[in-house]
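Thanks for coming. I have one structure for today, and I will go through it piece by piece.

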Amino acid sequence: MQIQFDNSYARLPERFYARQAPTPVPRPELIRLNAELASTLGIDARWLGSEEGVAMLAGNATPDGADPLAQAYAGHQFGGFVPQLGDGRALLLGEVVDTAGDRRDVQLKGSGRTPFSRGGDGKSALGPVIREYVVSEAMAALGVPTTRALAAVATGEQVARQQGPEPGGVFTRVAASHIRVGTFQYFIARRDHDAIRALADHAIARHYPDVAGSPAPYRALLERVVTAQAGLIAHWLSLGFIHGVMNTDNTTVSGETIDYGPCAFMDDFQARKVFSSIDRGGRYAWGNQPEIGLWNLTRFAETLLPLLADVESEAIASAEQVLQGYSGQFSAAFGRRFRAKLGLAAEVDGERIQACLDLLERQQVDFTLFFGRLTDVARGGEVEPLRALFSDPAAFESWFATWKDDTQSGARVDDMRAANPIRIPRNHRVEEAIQGAYRGDYAAFHRLVDGLASPYTADDAYADLELPPQPEEVVHQTFCGT
Ligand code: AMP
Ligand code: MG
């Protein structure tokens, strides 16, 4: 056996999924393999890159021990509940226990129709495959909990999309699990309380095993998920990341970022910034993400009510207590991250953070460059490159004087370096990688993945990746992978 699968999800009741083989594709071609990740999964990267391995990655062969299935889930999409979504273009091949002892899902995305495909073709175009590879690996390198990219393959076939036919691809995603808030919602919508209990027990065993022995394990599960999501969203905000499609089916119980559809990193800072072409109301704007996080967690809590207490009013009171903790946890995490970005001590008033963000917004300053150059200043570098980011020098000087006062005893340079990446996956670079891939040229894609692998370390070879777009390069909108 090339991969040691151990498929715990497939051992859950049959109504949790639909067994489904992937659909073969005409001419699989490996684009990129994540050899490092493969080896932590105990998979021989040379084998994975061989004809046999690539056949698996393309869905043309099912390896021994795999048990491919499409998972059932529901979800609120832009606030509206859809009782059945499910893996319509993805298949869980199986699970492996990695070298650290952690269980990981191995999932193919774009591997053909499933019973959950509804009107869709079950396929993926190459663009979304490239985007997810670049951004999810960049997020991992940035230190953000995230699903990972194991491989990208081109299928040699065209898929029909709104803008016309596009080359197809299959993405192999690795995740702590694919259990979503929407997975719980699928069962609560069917009043299937046995399934909710089985799923909660499975999620606890998998992600929060230490709460299993607690006197109130399901409440503890809710607490853990609230904490994980509060921390995750604060982390996103600190990097200028906009998820773009924070639906409950894209909210994991593990606390990993999932679904890199219309996501984007901001260039110049705007709290209300939105990129997704389908987010017309700005529901998932940068600054709305904390509030949406709580909304999604409230939907999660609702699914757990039958497990929290026998009497409904007690269950609701218990859930509300836990949810009330969210805002404090988010604020604390947000404050810690932005204090680190600014090199401020814990005692410095949190209002300084908002004042800085307001200034960046008014002056349309590039978020990543600002914090990078501020870090350089804290390390004894010139002020001029920082000042040059501002169109109004007076506004900068007055802010800068306050910052110097606040950091009189020295800015916390190590905190700043660890919190302020030099390179992020800027949209125009992601777009360039996608456009190259559509021409069959993967050079820009490979270079981008390589350049983003150590985002906190200065590297002249990738200096161009630090820069914001030229006016003609600005990407205004991103599109879902559908
Ligand atoms: P997402 O936008 O990835 O969160 O997907 C939302 C839902 O639409 C999920 O149930 C997907 O499986 C389904 N879906 C998206 N694209 C396709 C497609 N091309 N074919 C079938 N189902 C799809
Ligand atoms: Mg999704």
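Strand β7, residues 103-109, pairs with β10 in the antiparallel sense, over 5 bridges. One residue pair to look at there is Leu108, whose bridge partner in β10 is Thr172. Before going on, I should say that this is a predicted model, and that applies to everything that follows.

Staying with β10, it has further partners. Strand β8, residues 124-125, pairs with it over 2 bridges, again in the antiparallel sense. Then there is strand β9, residues 148-161, which is joined to β10 by 10 bridges and runs antiparallel to it. The connection from β9 to β10 is a hairpin, made through 2 residues.

Which residue of β10 does Ser124 stand opposite? That is Gly169. Ala154 also stands opposite Gly169. If you want one position in β10 to display on screen, Gly169 will do, with Ser124 and Ala154 as the residues to show beside it.

How many of the 12 residues in β10 are buried? The count is 10, so the strand is mostly covered, where buried means under 20% relative accessible area. β10 itself spans residues 164-175.

Moving along the chain, the loop between β10 and α5 holds His178. The relative accessibility of His178 is 2%, so it counts as buried. Its side chain has a polar contact of 2.8 Å with the side chain of Asp105. Asp105 brings us back to β7, given that strand's range of 103-109.

Next, the ligands. Ligand 1 is surrounded by 18 residues, and the closest are Gly86, Gly88, Arg89, Gly122 and Asp259. Sorted by class, that shell has 8 charged, 8 polar and 2 nonpolar residues.

For the individual distances, I will take three of those residues. A backbone N or O atom of Gly86 is 2.6 Å from an oxygen atom of ligand 1. For Gly88 the atom is again a backbone N or O, and the distance to a ligand 1 oxygen is 2.6 Å. With Arg89 the side chain is involved: one of its N or O atoms is 2.5 Å from an oxygen atom of ligand 1. As for coverage, ligand 1 taken alone exposes 480 Å², and the protein buries 89% of that.

Ligand 2 is a magnesium ion. Which protein atoms act as its donors? They are OD1 of Asn250 and OD of Asp259, lying 2.2 Å from the ion. Are these two residues buried or exposed? Asn250 has 8% relative accessibility, so it counts as buried. Asp259 is at 15%, so it counts as buried too. Note that Asp259 has come up twice, as one of the closest residues to ligand 1 and as a donor to the magnesium ion.

Last, two backbone angles. Arg191 is not a glycine, yet it has a positive phi of about 55°. Its place is the loop between α5, residues 181-188, and α6, residues 193-207. The relative accessible area of Arg191 is 68%, so it is exposed.

The other case is Gln364, with a positive phi of about 50°, and again this is not a glycine. Where is Gln364 found? It is in the loop between α10, residues 351-362, and α11, residues 367-378. Gln364 has a relative accessible area of 59%, so it is exposed as well.

That is what I have. Questions, please.

Notes:
Residues numbered from 1 in each chain as written. Chains lettered and ligands numbered in written order. Predicted model: local features only at pLDDT ≥ 70, side-chain atom pairs only at ≥ 80, totals over all residues. Heavy atoms only, no water. Near = heavy atom within 4 Å. Polar contact = N/O pair within 3.5 Å; in protein donor to acceptor, adjacent residues only side chain to side chain. Areas by Shrake-Rupley, 256 points an atom, 1.4 Å probe, with all protein chains shown as cover. Nonpolar A, V, L, I, M, F, W, Y, C, P; charged D, E, K, R; others polar. Donors = N, O, S within 2.8 Å, 3.2 Å for Na, K, Ca; no water. Buried < 20%, exposed > 50% of the residue type's maximum accessible area, 1.4 Å probe, protein only. Helix = DSSP H or I, 4+ residues; strand = E, 2+ residues; numbered from the N terminus. Pairing = 2+ DSSP bridges.
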